[in-house]
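Visitor: Before we look at the details, could you take me through a few features of the backbone and the strands, one step at a time?

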Amino acid sequence: MTSNPLLPHIATIKSIRQETDDVKTFQMVFDDQAVAENFVHKPGQVALISVLGEGESTISITSSPTGKGFLEFSIKKVGRLTSVLHELEAGAKVAVRGPYGNCFPYEAMKGKDLLFIGGGIGLAPLRSLIDFVLVEENRNAYGNVEVLYGARSRADLCFKEDLFNKWPSCKDTKVYTTIDREEPDWCGHVGFVPAYLEELKPLSTNKLAVTCGPPVMIKFILRSLQKLGFTDERIITTLEMKMKCCIGKCGRCNIGSKYVCLDGPVFTLKQLKELPPEF
Amino acid sequence: MQNKILKKDRIAGFLDHLAASHNLIAPVSEDKAFTVFKKVLSAAEVDLNFTNTLIPPKNYFFPAAEKLFAFSTNGGDIIIEEPQRSEVSVIFGIRPCDIKSLSLLDPVFYGAFPDTYYSSKRENTLLIGLSCREVLPTCFCKAFGTHPTDGVGADLMLTDLGNYYLVEILTAKGSSLLERNTGFFSDETTDSAVLEKELLKDKLSADFIRKPDLSGVKQILDKVFEHPYWGELAAKCIGCGICTFVCPTCHCFNMIDTSRPDASGSRYRCHDSCMFPGFTKMAGGHNPRPTKVERVRNRFMHKLKYHLDRYNLEGCTGCGRCIAKCPVNIDISQIITNIREVVKDD
């Protein structure tokens with residue numbers, strides 16, 4: 001019988017890391033080894049996480065495919081299902097299906113410098129690609145890496161271990177972090193991400209920009225990137241839409257004739273400009 | 001193509017035989033108020049004096065509520081169980097517009113991730129079409145290239161010609177069904193029946209009141225995403241969603257879990273409607289289609305442009321159900337006609 005894409009597979013939450021007040025990173029492992037081996041994702045793809053009896057949500061896969069045997073999802077508590085997920089403890093059973101969607105163009109990015117710009121929970125989908133690029137076996141295929149990340153406050157920064165220890169120690173990698181307002185024990189940059197970007201003035205030559213964050217940040221980031229000389233096809237973002245099936249049938253994640261679940265979530269600014277402004 | 005004759009006095013026997021050997025779905029009159037497709041156990045339940053059913057036969061393949069799986073716990077393990085797959089079925093009496101609607105839904109439910117709930121029924125179901133005898137004031141299938149006597153997409157096509165039905169055998173599946181039921185059909189020459197059907201076809205062709213012209217409409221819609229016309233339409237719409245409820249090509253659904261205290265339960269999918277504000281609203285509160293303007297525009301763009309862009313197939317069959325049921329007379333055939341004028345005024 002053909003496999004049924006709407007059937008999720010049981011997985012166990014192995015560990016939970018509290019990133020911020022309302023963001024937790026869940027590490028999950030499929031109970032069935034065969035399912036785990038069949039689940040081969042690419043950076044930027046999404047999966048659906050179920051708490052059976054409560055429902056299902058589409059969440060970007062935060063871990064790189066180079067991390068074998070587990071999946072990580074960084075989840076902000078914003079709605080019904082994410083609130084239920086936040087109540088779970090390590091050892092709890094969930095169900096997962098996927099991976100779905102396109103991915104970051106990690107093949108076409110080879111040989112290029114990469115500028116990642118994230119705001120708040122927007123770093124979660126970028127992290128799968130950052131870790132993919134920075135892992136030793138792939139590192140030499142890519143040029144310099146810059147990560148620019150901001151959040152409202154120090155307490156709202158996700159992935160602190162990656163930001164302050166892991167990524168800065170990688171070859172040819174710089175990490176810039178900013179928070180919106182002054183704080184007593186913060187000696188880093190203060191200000192919004194787009195302003196910091198214009199201050200840093202990264203060169204756009206042979207470079208691709210990959211960005212994700214709150215809509216208002218994205219709006220200003222796109223403007224700043226264009227000022228810095230990034231053309232529309234070298235600006236890449238990943239979209240969020242309400243999804244139920246994630247396989248192009250339930251009809252709710254369309255932007256014009258495109259389904260974000262099948263044709264996205266990753267789009268270049270050039271592609272987005274060809275779609276109706278309905279996202 | 002081969003033809004047969006089915007005399008009117010044999011139809012009840014044929015239907016009884018089909019009901020005994022298959023899961024038979026046929027038009028049934030509900031309190032003489034409207035007709036719907038339902039499972040029937042005998043010919044006596046079938047109502048063949050209908051123009052078209054209130055709810056399209058799409059609902060057999062894609063039910064308004066359908067169990068996707070059940071789950072239960074056994075010790076520490078969670079067990080997920082799929083429902084039983086469908087038996088071999090026959091849909092009897094499906095009209096040409098509704099036969100076509102299935103071919104418009106197929107690329108949605110197949111595609112890169114074939115939907116096994118839909119496909120298992122689609123592949124196990126024989127379609128016996130029935131030509132229309134009458135064109136309703138709301139009908140406009142002809143605008144989409146379908147004719148009220150077309151059998152394209154069915155396995156057998158029946159046309160009521162007074163004392164008998166002309167039976168056209170359109171597929172091998174249809175042919176083998178007839179071979180298993182030869183006793184009901186006569187082998188007499190069908191030349192005059194074919195001629196009669198041609199006369200009926202000409203008569204029905206002349207009966208259409210609505211004749212929207214689709215030529216160039218898609219090209220216009222490519223350019224009018226931002227147009228005050230959508231606001232004018234939306235001002236009338238009350239967002240009730242009946243147009244999507246009765247539509248033979250709408251495929252939007254929601255997925256809902258139920259659970260019991262013993263940690264068992266089920267996941268269902270239920271028809272949903274792009275006309276409802278919560279349809280696209282995200283957990284964080286952002287809604288890409290926040291008002292009726294975006295929602296009304298999306299529905300008509302989907303039917304007349306997006307489906308074409310994506311699958312190279314129209315998203316409407318011209319069945320006219322949404323026109324008949326809309327409480328504020330929003331009329332897709334009028335929109336097709338008006339859009340040309342609206343652009344001219346600019």
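Guide: This is a predicted model, and a good place to begin is a single bridge in chain A: in strand S8(A), the bridge partner of A:Leu115 is A:Glu146.

Visitor: In which sense do S7(A) and strand S8 of chain A pair, and over how many bridges?

Guide: Strand S8 covers residues 145-151 of chain A, and A:Glu146 in S8(A) is the bridge partner of A:Leu115. S7(A) and S8 pair in the parallel sense, and the number of bridges is six.

Visitor: Which residue in S11(A) is the bridge partner of A:Ile117?

Guide: Strand S11, residues 207-212 of chain A, pairs with S7(A) in the parallel sense over six bridges. Within S11(A), the bridge partner of A:Ile117 is A:Thr211.

Visitor: How many of the seven residues of strand S7 of chain A are buried?

Guide: Strand S7 spans residues 113-119 of chain A and is mostly covered. A residue counts as buried if 20 or more other C-beta atoms lie within 10 Å of its own, and in S7 the number of buried residues is six.

Visitor: Is A:Asp172, which has a positive phi although it is not a glycine, buried, exposed or partly exposed?

Guide: A:Asp172, with a phi of about 50°, lies in the loop between helix H5 (160-166) and strand S9 (173-179) of chain A. Because 13 other C-beta atoms lie within 10 Å of A:Asp172, this residue is partly exposed.

Definitions and conventions
Residues are numbered from 1 along each chain as its sequence is written. Chains are lettered from A and ligands numbered from 1 in the order in which they are written. This is a predicted model: local features need pLDDT of at least 70, side-chain atom pairs count only at pLDDT 80 or more; totals for chains, interfaces and linings use all residues. A residue is buried if 20 or more other C-beta atoms lie within 10 Å of its own, exposed if 12 or fewer, and partly exposed in between; C-beta atoms are placed from the backbone. Helices (H or I, at least four residues) and strands (E, at least two) are DSSP runs, numbered from the N terminus. Two strands pair if DSSP finds at least two bridges between them.
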